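Me: Got a minute to go through a structure with me? I'll throw short questions at you and jump around a bit.

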Amino acid sequence: MKIVLPNPASAASSFSSPDQPAGKILFTASIQLHMDTFHMPFLRWLHENGWEVHTAARGLEKETFIHHHNLPFCRSPLAAENGKAYRRLCALLEKEHFDIIHCHTPMASVLTRLAARKTRGAGTKVLYTAHGFHFYKGAGLVAKTLYKAVEKWLAHYTDCLILINNEDYEAAQHFAVPQVVLTHGVGVDPDRFTPQTLENKKQARQALDIPEDAFVLLYPAELTANKNHQLLLEIVAAIGECIPNLLLLLPGGGPEEVNLQYFIYGLGIIDKVRIMNFRPDMETLYHAADLDVTTSRREGLSTHLIEALTTGLPVVASNIRGHRDLVVSGENGFLFTPGDIQEAAHAIIGLYEDKTLYNDLCQNARDSVHPFHLANTLAEMREIYRVVIAQRKDASSPKPAPDDETPVAIVSGKEGTPLSVPAEAAVQ
């Protein structure tokens, strides 16, 4: 049977009118910050519609509507604390009898699916959103063999596998999981990340003490080895003479900060780079920037690229999984071969010098990411939940869609009920 997702244009109005009964749900992730950053809109919607919402993760939660369980998950699979987290999670599942368990992040999802084997046999549905498999094109031998084998094994204990990029979706077709679903990620709020204008760009630069004539590159990312900031710094050093007013902003903070400071000093580009801590006002930084850039080695689906494109910033990004789903070279930005300094430099200089091309890409940027807006991604998740709950209760097939429903393009359907999204919103 086919299940039709509401038109994104009407998603906001249908958001407060669910057709599923209330129940008890658990979200798990390695750290609570992941919940707060990516899933709070949906958790709040569940609560507002009668669900008893629980989360289990390392850290504290300030939202009073959430029943939070602080479990010592660790990202490293060798950490002894993961054993403690697993035992406490088993006890929690035995006590609460959740209707749905939705797990996120690699280690938390492994432990959750193992702990849920018994309760899943009693009717609990287990969903896993993979925010980027650790096996991917270009990964090392261990990732391609061990990590993939683990995911294939855990698929037997998963009722619905939710993917956010095309490469992972294709890889998951070989997994023994009832449903594999491709979505547009966690979504970005266009009411927060509003289009850049001459006025808000001027105000943002004044607030950040940035010269009006500066050409500003922005790379919002945690300062880790995976984000590959050293490559971007080498690119900045390479184009400094061609763009004398160049400035790179690096908000995020992280374990590589000290190493990067030494690297910046060694390249002689201290006056062209600002390392910034985590910023809650990212919309201000997007308004102040001219280009969003990323040299990351591995991504699931880059939220900061979606935010940048939503504000109208063109993107120059490494050609990897999760970037290819968002950026089309020559339309809303440019992709460059990972590690190729000259190719990336050529793209940035080209956009600096060709104002007509730059302005065209700015307009295309905003138009390219409508399917990734929050209203649409929330509607996708509600539809997934509706199907999962219907299957749990052995419900009959949904009623046929009304005549005025938007045509659909099926994006999943593997040994179970196919899920659909509007044709214009399907991930290309």
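Me: Let's start in the middle: which residue stands opposite Val-316 in β12?
Reply: Val-293 stands opposite Val-316 there. Three bridges join β11 to β12, and the two strands run parallel. Two strands pair if DSSP finds at least two bridges between them. Strands are DSSP runs too (E, at least two residues), and helices are H or I runs of at least four, all numbered from the N terminus.

Me: Before I go on, what kind of model is this, and how are things counted?
Reply: This is a predicted model: local features need pLDDT of at least 70 and side-chain atom pairs count only at pLDDT 80 or more, while totals for chains, interfaces and linings use all residues. Residues are numbered from 1 along each chain as its sequence is written, and side-chain values use heavy atoms, with hydrogens and water left out.

Me: OK, back to β12. What does it pair with over four bridges?
Reply: That's β13 (residues 333-336), in the parallel sense. Ser-318 has Phe-336 of β13 as its bridge partner.

Me: And the faces of β12, covered or open?
Reply: Both are covered. Val-315 and Ala-317 sit on one side, Val-316 and Ser-318 on the other, and all are buried. Buried here means under 20% relative accessible area, exposed means over 50%, and partly exposed is in between (1.4 Å probe, protein chains only).

Me: What's the strand order in that sheet?
Reply: β10-β9-β8-β11-β12-β13, six strands in an open sheet with parallel pairing. The edge strands are β10 (273-276) and β13, each pairing on one side only. The twist averages 20° from one strand to the next.

Me: Which helix goes with β11 and β12 in a β-α-β unit?
Reply: α13, and the unit is right-handed. By that I mean that, with the strands pointing away from the viewer, the path from the first strand over the helix to the second runs clockwise.

Me: How many of the residues of α13 are buried?
Reply: Eight of its nine, so to speak a mostly covered helix, spanning residues 303-311. Among the buried ones are His-304, Glu-307 and Thr-311. The buried residues pack against α12 (282-288), β11 (291-294), β12 (315-318) and α15 (355-368). Contact means heavy atoms within 4.5 Å.

Me: What comes after α13?
Reply: Gly-312 follows, with a positive phi near 100°.

Me: Switching helices. How do α14 and α15 cross?
Reply: The axis of α14 (residues 341-353) comes within 5 Å of the axis of α15, and they cross at roughly 100°. That makes α14 roughly perpendicular to α15. On the naming, angles of 65 to 115 degrees count as roughly perpendicular, under 35 as roughly parallel, over 145 as roughly antiparallel and the rest as oblique. The axes are lines fitted to C-alpha atoms, for helices over the stretch in contact, and angles run from 0 to 180 degrees between N-to-C directions.

Me: Which residues make that contact?
Reply: Leu-351, Tyr-352 and Glu-353 from α14, with Lys-355, Leu-357, Tyr-358 and Leu-361 from α15. They divide into five nonpolar, no polar and two charged. Nonpolar covers Ala, Val, Leu, Ile, Met, Phe, Trp, Tyr, Cys and Pro, charged covers Asp, Glu, Lys and Arg, and the others, Gly among them, are polar.

Me: Where does α14 lie relative to the strands?
Reply: Across β8 (215-218), β11, β12 and β13, running at about 165° to β13.

Me: New topic: what does β1 pair with?
Reply: Six bridges join β1 to β2 (residues 52-58), running parallel, and four join β1 to β4 (residues 100-104), also in the parallel sense. Leu-26 has His-54 as its bridge partner in β2, while Phe-27 stands opposite His-102 in β4. Seven of the eight residues of β1 (24-31) are buried.

Me: Is Glu-151 buried or exposed?
Reply: Glu-151 counts as buried, because its relative accessibility is 10%. Its place is in α7 (residues 141-154). Beyond neighbours within four places in sequence, Glu-151 is in contact with Arg-113, Tyr-128, Phe-133, Phe-135 and Phe-175.

Me: Last one, how many helices and strands are there in the protein?
Reply: 16 helices and 15 strands. Buried residues make up 53% of the 428 residues.
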